[in-house]
Amino acid sequence: MNSTEPRSPSTVLSTTKIYPPLLAGALVLGTLVLHFIVPEARSVGWYQVIGLLVVALGAGLSCFAAALFQARETTRNPYGEPTALVAQAPYTWTRNPMYLGLATALMGLAIFFSSIAMLLAPVVFIAVIDRMVIPREEETLGRLFGNDYADYKNRVRRWI
């Protein structure tokens, strides 16, 4: 294929690199702008405390899961080569606690701001991560860890 020929959508998706924390940050900024542009999509109330608790829960889960990778000296980069298969809690009840934590924090921000517009952030985050990032990671893990990863994948759900 020469550089003037259009690339197919599947080629673009398979070569596009998505970095989950950057995606989450961009979604926060984008939906926060929507939140302030559309005043009907927000209100103020006691939900702010609940929202902060949900943000803290999500951020804590994501950070704890990332710390386990660091302790095992394996990459947290979704495009890197892992050196270990981490299968201890919270990886015993979800294969993707870092992503689940980020999605939970995004949901907490939507709750905090009582914003219907900001509910787009966790929905888009989950859809993009589930369709564009996780499949590549699963392929890499299957290639590197074979039957151990296949057994793990059969025992533990992708999200919850």
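Trainee: How much area does the protein expose, and what share of it do carbon and sulfur atoms supply?

Mentor: Accessible areas come from the Shrake-Rupley method with a 1.4 Å probe, and for residues only the protein chains shown count as cover. Here the protein exposes about 9400 Å², with carbon and sulfur atoms supplying 65% of it. This is a predicted model, where local features need pLDDT of at least 70, side-chain atom pairs count only at pLDDT 80 or more, and totals for chains, interfaces and linings use all residues. Residues are numbered from 1 along each chain as its sequence is written, and side-chain values use heavy atoms, leaving out hydrogens and water.

Trainee: Which secondary structure does the protein have?

Mentor: Helices (H or I, at least four residues) and strands (E, at least two) are DSSP runs, numbered from the N terminus. This protein has five helices and zero strands, in the pattern α-α-α-α-α.

Trainee: What percentage of the residues is buried?

Mentor: Buried means under 20% relative accessible area, exposed over 50%, and partly exposed in between (1.4 Å probe, protein chains only). Of the 160 residues in the protein, 39% are buried. Alanine 26, found in helix 2, counts as partly exposed because its relative accessibility is 47%.

Trainee: How far apart are alanine 26 and phenylalanine 125 in sequence and in space?

Mentor: They are 99 residues apart in sequence and 9.9 Å apart in space, C-alpha to C-alpha. For contacts (heavy atoms within 4.5 Å), 74% of those between residues at least 6 apart in sequence join residues at least 24 apart.
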